[in-house]
Amino acid sequence: MNTIENIKTRRSIRKYQQKEIPREIMMDILDCGRLTPSAKNAQLWRFVVITDRAIKEKLTQICKHGKFINEAYAIIAIFYDKDVNYKVEDASAATQNMMLAAWEYGIGSCWIGSYQRDHSKQVEELLKCPDNYELITMFTLGYPAETREARNKKQLDEIISFNYFI
Ligand SMILES: Cc1cc2nc3c(=O)[nH]c(=O)nc-3n(C[C@H](O)[C@H](O)[C@H](O)COP(=O)(O)O)c2cc1C
C-alpha cells in the first residue's frame, strides 16, 4: 500500500478481533510516532501503551465516547508537556502518523478525543501522569472485525478554494 492509498482507505474501526498485535509491529507503529514532526523539534510527548485488561476496563467506564475500548488490543494515550504551545498539534500529528502506520499493518484504530474532555483528568490519574504533563489524545488499536466505507465525506469543491478563502 502506498501512502495515498493508506490515507484514502483508513476508516475508524470500533470492532476488533481478539488477536494479539506482535510486539515488533507495535514497536514499529510507536516508532512512526517518534519520527513525527513537532514544533521546534520539541518531541515532549509520551506514548503510554495500555494492554492491561483491568486498565482498559476502567478506561471504557471513564470515556463516554469510547465504549469499545475494552475490545481493542491496545490503547495508546499521548501525553505532552503542559507548557508547550504546540502540544495539541504535535500530539495530534503523532496520533495520525501512528494510526496510518497501524493501517499499513492491517490494524484498525479509532481516535478518542481526549484533550480537556470530561474524562481527561480521570485518565491522567488512572495512568499516573505527572503534574507537568497532560493528556492530549488517545486511540485504540486492534485487528478489525468490521469493514467500513467512507461515509458522509464532504466533496473537495465544498472545502477548498485557491488564493483566497472566498
Ligand atoms: C479529534 C477526534 C476525536 C474523536 N473522538 C472520537 C471518540 O471519542 N469516539 C469515537 O468513536 N470516535 C471518535 N473520533 C473518530 C471520528 O468519529 C471519525 O474520524 C469520523 O467519524 C470520520 O470517520 P473515519 O475516521 O472513518 O473517516 C474522533 C476523531 C477525531 C479526529
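Two residues are treated as being in contact here if their C-beta atoms, placed from the backbone, lie within 7 Å. The model is a predicted one, in which local features need pLDDT of at least 70 and side-chain atom pairs count only at pLDDT 80 or more, while totals for chains, interfaces and linings use all residues. Residues are numbered from 1 along each chain as its sequence is written.

With that contact criterion, a convenient place to start is I21, which touches M26, Y73, A74, I107 and L141 when residues up to four places away in sequence are not counted. I21 sits in the loop between α1 (3-9) and α2, where helices (H or I, at least four residues) and strands (E, at least two) are DSSP runs numbered from the N terminus. The C-alpha atoms of I21 and L141 are separated by 8.6 Å, although the two residues are 120 residues apart along the chain. I21 counts as partly exposed because 19 other C-beta atoms lie within 10 Å; on this scale a residue is buried if 20 or more other C-beta atoms lie within 10 Å of its own, exposed if 12 or fewer, and partly exposed in between, with C-beta atoms placed from the backbone.

L141, one of the residues touched by I21, leads into the sheet, since S109 stands opposite L141 in β4. The sheet is open and consists of four strands in the order β1-β2-β4-β3, with antiparallel pairing; two strands pair if DSSP finds at least two bridges between them. β1 and β3 (108-113) stand at the edges with a single partner strand each, so one side of each is left without a neighbour in the sheet. Neighbouring strands of this sheet are turned by 25° against each other on average, direction ignored, where axes are lines fitted to C-alpha atoms, for helices over the stretch in contact, and angles run from 0 to 180 degrees between N-to-C directions.

Following the strand order from β1, one finds that β1 and β2 pair in the antiparallel sense over six bridges, and that R46 stands opposite F79 in β2. F79 in turn has L135 as its bridge partner in β4, while A77 has M138 as its bridge partner in that strand. Strand β2 (residues 74-81) and β4 are joined in the antiparallel sense over eight bridges. Of the eight residues of β2, seven are buried, and the strand is mostly covered. In β4, nine of the 10 residues are buried, so this strand is largely enclosed by the rest of the structure. On the way to the other edge, six bridges join β3 to strand β4 (residues 133-142), and these two run antiparallel.

C110 connects the sheet with the ligand. This residue is found in strand β3, and its bridge partner in β4 is T140. C110 counts as buried because it has 22 C-beta neighbours inside 10 Å. Leaving aside residues up to four places away in sequence, C110 touches S12, I13, R14, F139 and T140, and its C-alpha atom is separated by 9.2 Å from that of I69, 41 residues apart along the chain. The ligand is surrounded by R11, S12, R14, H65, G66, C110, W111, I112, G113 and R148, a residue being near a molecule if its C-beta atom, placed from the backbone, lies within 6 Å of it. This shell divides into three nonpolar, four polar and three charged residues, where Ala, Val, Leu, Ile, Met, Phe, Trp, Tyr, Cys and Pro count as nonpolar, Asp, Glu, Lys and Arg as charged, and the others, Gly among them, as polar.

Turning to the helices, the axes of helix α2 (residues 23-34) and helix α4 (residues 87-104) come within 8 Å and cross at roughly 145°. The crossing of α2 and α4 is right-handed; a crossing is left-handed if the near helix is turned anticlockwise from the far one by less than a right angle, and right-handed if clockwise. In this contact, D28, I29, L30, C32 and G33 of α2 meet A94, N97, M98, A101 and A102 of α4, and the residues involved divide into seven nonpolar, two polar and one charged.

The loop between α2 and β1 (45-50) contains K40, and Q43 is also found in the loop between α2 and β1. Most residues other than glycine have a negative phi. Phi of K40, however, is near 55°, a positive value, and phi of Q43 is likewise positive, near 55°. K40 counts as exposed because it has 10 C-beta neighbours inside 10 Å, whereas Q43 is partly exposed, with 16 other C-beta atoms within 10 Å.
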